[in-house]
Amino acid sequence: MIHQVDESLKEDKEAIMGFIQNNKNDVSELYKKISCSYYLKETVGEAQIKEKFSFVFGLDSLDGDYERFRELRTLVEIQNKNYELVLQESFVQNDSMILSISIYSIFLFGLITLGISFVNLNISKRLWLPFYAILKRIESYQPGKNKDLKFKGGTIDEFKILSTTLNEMSSRIDKSFANQKKFIDNISHELQTPLMIAKSNLELLFQQKKIDVKTAELYSRLDANLGTMKQLNNSLLLLSRIENEQFSDSEKIEISGIITDYLNQYNEQIDAKKIQVETTFNNEIQISMNPVLAEILIGNLIRNSIVHNDKSGDLLINISGNIMEISNTGPHVDIDPEMLFGKYVQFGKSENSTGIGLSIVKEICNYYCFTINYKIIGKAHVINIQFDTSESL
Amino acid sequence: MKVLIVEDEKGLLKNILTYLSGENYVCEATDNYAAALEKIYINEYDCFVIDIMLGANSGLKLIEEIKQRDNDGGVIIISAKNSLEDVLKGLNLGADDYLTKPFHLSELNARIKAILRRRVNKGYNTIKFKEIAIELNTEQVLVNQTRVDFTTKEYQLLLYLITNKGKVLSKQSIVDHLWPDEHDFYSYDFIYTHLANIRKKLSEAGCKNYVKTVYSIGYKFN
């Protein structure tokens with residue numbers, strides 16, 4: 001900055017010197033060339049002043065303020081007399097110029113930045129469009145479902161590669177999912193015959209004339225376990241039939257009717273455990289679903305709430321809006337609500353329970369897009385189902 | 001009374017024949033379609049027990065053949081649990097009843113006898129055992145001509161015991177008969193209660209105790 005002003009002063013000095021040496025009289029010519037103010041002073045005696053830069057304060061002729069000036073003093077010889085040439089240039093003027101230049105630069109820079117980012121944003125928005133489409137598709141991806149829906153990468157190579165990879169991956173997942181379904185289906189199907197033969201063999205053994213006490217106990221345990229195996233196998237078959245969507249036909253179902261039927265049907269158990277049943281139907285839930293699945297859904301929930309109830313416990317069933325809530329008292333269990341509906345999770349310890357009933361409930365809810373929730377309120381275990389009454393399947 | 005059993009699983013077929021051997025009807029058996037067809041053309045049967053999974057849907061074809069021959073013998077379908085569509089087809093073809101594997105042999109025996117009874121008695125239908133008489137149409141039980149009131153489950157249990165008289169019925173088989181597909185829900189306690197009631201009501205009506213307990217296994221009507 002100082003350097004710049006000094007340079008300009010030096011240039012002005014050269015111009016004045018040139019003017020003096022050429023001895024021209026036209027001063028206007030000179031004023032065009034120089035930007036600073038100057039004056040000449042006669043020096044007395046031997047002046048030893050060499051070129052010297054310094055800061056001085058002086059009155060600015062333009063606005064009448066005291067301002068900082070840069071001053072150059074030098075010696076010139078005119079007609080054998082020594083004169084001191086003093087050149088002054090306002091430093092502040094330069095300062096404000098720099099400030100305004102800076103402001104303009106910043107403004108310009110900002111404008112450019114804004115422009116670039118606007119263009120960038122627009123381009124990237126269009127650029128990432130296929131990416132967001134892929135993301136959305138991943139979010140909605142469910143193994144074994146919407147197999148015809150493929151990932152699409154648009155025109156961008158990288159996304160094309162990503163889509164191809166995802167397509168391959170999802171088809172691998174679908175395949176292994178289908179295999180797993182088929183495996184369960186096959187296993188439970190194939191198990192029926194050996195189970196049948198084992199059971200019938202045992203039944204023949206029961207007919208033997210003399211069975212001693214120990215053998216009888218062994219037979220009986222064998223019988224009970226074969227019974228459990230049969231039940232498990234039936235449940236697995238049912239699960240795989242639901243997963244394979246073999247219950248597609250539907251009709252209008254009234255939920256409260258099924259609840260009442262099951263409560264009547266399970267009267268014996270309710271009496272045996274002295275369970276207090278209370279039903280509150282604020283309205284009727286009418287829904288279009290498969291009648292068999294509707295019965296399995298309600299039946300399993302009511303069975304579950306009886307089996308895991310306390311002696312002389314409570315069983316409350318409440319319908320309001322499109323929500324059915326079944327709440328029963330029961331021993332406290334440390335179980336993650338998310339885990340409750342998993343396959344083979346034992347809800348408490350009940351001797352005759354295979355623990356698969358609730359996972360069937362969950363599977364039916366998934367199939368019809370019902371929301372199912374489990375929570376513990378005080379001593380009560382509460383399961384509520386929000387039916388999707390809007391959709392007619 | 002003649003019953004034809006068609007089942008391709010040889011081990012099971014043998015067990016069925018052994019179990020039903022002491023009954024008051026004659027069983028014939030075969031494990032393939034061709035032999036079964038031959039038997040249908042030569043003999044007259046009162047009841048057919050047919051495994052519907054007899055390879056390439058030939059079980060259904062067999063039912064068709066039976067019905068086409070104007071044979072009025074009853075048909076019981078044996079099927080796998082996951083082939084209910086085939087069962088429906090079979091019932092539409094004129095089959096009377098069905099059982100899904102795995103079933104109890106005592107259950108099969110009860111179903112066969114129900115069909116044979118319907119065929120013989122046509123209309124008036126009574127089972128008699130000494131001083132007990134069960135009227136099937138009205139579901140009434142008479143002891144020495146006096147009516148004894150039973151609940152539905154008690155009636156079903158008594159009928160099941162009498163139908164399988166002389167055979168040991170396991171508690172498991174009774175649970176499956178009274179509450180099909182509810183195995184994990186009904187403990188044996190419910191059988192004890194029902195049986196205690198049956199015994200009490202029968203003895204109050206002056207009936208001897210024919211229901212014997214077989215230790216740890218189950219019960220036998222004798």
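**Exercise 1. Two serines in helices of chain A**

Leaving aside its neighbours within four places in sequence, Ser240(A) touches Ile184(A) and Asp185(A); in this predicted model, describe the setting of Ser240(A) and then treat Ser305(A) in the same manner.

*Solution.* Begin with the secondary structure: Ser240(A) belongs to helix α6 of chain A, which covers residues 213-243. Next, consider the accessibility, which is 0% in relative terms, so Ser240(A) is classed as buried. Then look for a partner of the hydroxyl-bearing side chain: a polar atom of the Ser240(A) side chain lies 3.3 Å from the backbone oxygen of Leu237(A). This falls inside the 3.5 Å limit used for a polar contact. As background to such a spacing, an α-helix has 3.6 residues a turn, so residues three or four places apart point the same way.

For Ser305(A), the element is helix α9 of chain A, residues 291-307. Its relative accessible area is 1%, and because this is under 20%, Ser305(A) is buried. The polar atom of its side chain lies 2.8 Å from the backbone oxygen of Ile302(A). Beyond the neighbours within four places in sequence, Ser305(A) is in contact with Leu315(A), Ile326(A) and Asn328(A).

**Exercise 2. Cysteines and disulfides**

Establish how many disulfides the structure holds over all chains, and explain why Cys369(A) and Cys47(B) are not bonded to another cysteine.

*Solution.* The count over all chains is 0 disulfides. For Cys369(A), the closest cysteine sulfur is that of Cys365(A), at 10 Å, which is too far for a bond. For Cys47(B), the closest cysteine sulfur belongs to Cys27(B) and lies 8.8 Å away, again too far for a bond. The cut-off needed for this step is 2.5 Å between the sulfur atoms.

The accessibilities can then be added: Cys369(A) is exposed, with a relative accessible area of 56%, whereas Cys47(B), at 0%, counts as buried.

**Exercise 3. Backbone geometry in loops**

Determine where Cys369(A) and Gln145(B) lie, what their phi values are, and which residues are joined by a cis peptide bond in chain B.

*Solution.* Start from the general expectation: most residues other than glycine have a negative phi, and most peptide bonds are trans. Cys369(A), in the loop between α11 (357-368) and β10 (371-377) of chain A, has a phi near 60°, which is positive although the residue is not glycine. Gln145(B) also has a positive phi, near 65°, and sits in the loop between β8 (140-143) and β9 (146-148) of chain B. At 75% relative accessibility, Gln145(B) counts as exposed.

The cis peptide bond joins Lys101(B) and Pro102(B), with omega about -5°. Pro102(B) is placed in the loop between β5 (97-100) and α5 (105-121) of chain B.

**Exercise 4. Two sheets of chain B**

Work out the strand order of the four-stranded sheet of chain B, and of its three-stranded sheet, and state which strands stand at the edges.

*Solution.* In the sheet of 4 strands, the order is β6-β7-β8-β9 of chain B, the sheet is open and the pairing is antiparallel. The edges are formed by β6 (126-129) and β9 of chain B, and because each has a single partner strand, one side of each is left without a neighbour in the sheet. From one strand to the next, the twist averages 25°. Within this sheet, β7 (residues 132-135) and β8(B) run antiparallel and are joined by 4 bridges, and Glu135(B) has Gln140(B) of β8(B) as its bridge partner. Helix α6 of chain B (residues 152-163) packs on this sheet, touching β6, β7 and β8 of chain B, and its direction makes about 115° with that of β7(B).

The sheet of 3 strands is likewise open and antiparallel, in the order β10-β12-β11 of chain B. Its edge strands are β10 (168-170) and β11 (211-214) of chain B, each of which pairs on one side only. Neighbouring strands are turned by 30° against each other on average, direction ignored. Between β10(B) and β12 (residues 218-221) of chain B there are 3 bridges, and Leu169(B) is bridged to Tyr219(B) in β12(B).

**Exercise 5. Domains and an enclosed helix**

Describe how chain B is divided into domains, and explain why helix α7 of chain B is largely enclosed.

*Solution.* The division gives domain 1 (2-121) and domain 2 (126-221), whose C-alpha centres lie 26 Å apart. Across the boundary, 10 residues of domain 1 are in contact with 13 residues of domain 2 of chain B. In helix α7 of chain B (residues 171-178), 7 of the 8 residues are buried, so the helix is largely enclosed by the rest of the structure. Among the buried residues are Lys171(B), Ile174(B) and Leu178(B).

Notes: Residues are numbered from 1 along each chain as its sequence is written. Chains are lettered from A and ligands numbered from 1 in the order in which they are written. This is a predicted model: local features need pLDDT of at least 70, side-chain atom pairs count only at pLDDT 80 or more; totals for chains, interfaces and linings use all residues. Side-chain values use heavy atoms; hydrogens and water are left out. Buried means under 20% relative accessible area, exposed over 50%, partly exposed in between (1.4 Å probe, protein chains only). A polar contact is a pair of N or O atoms within 3.5 Å; within protein, one must be able to donate a hydrogen and the other to accept it, and residues adjacent in sequence count only if both atoms are side-chain atoms. Contact means heavy atoms within 4.5 Å. Two strands pair if DSSP finds at least two bridges between them. Axes are lines fitted to C-alpha atoms, for helices over the stretch in contact, and angles run from 0 to 180 degrees between N-to-C directions. Domain bounds come from an automatic or database domain assignment.
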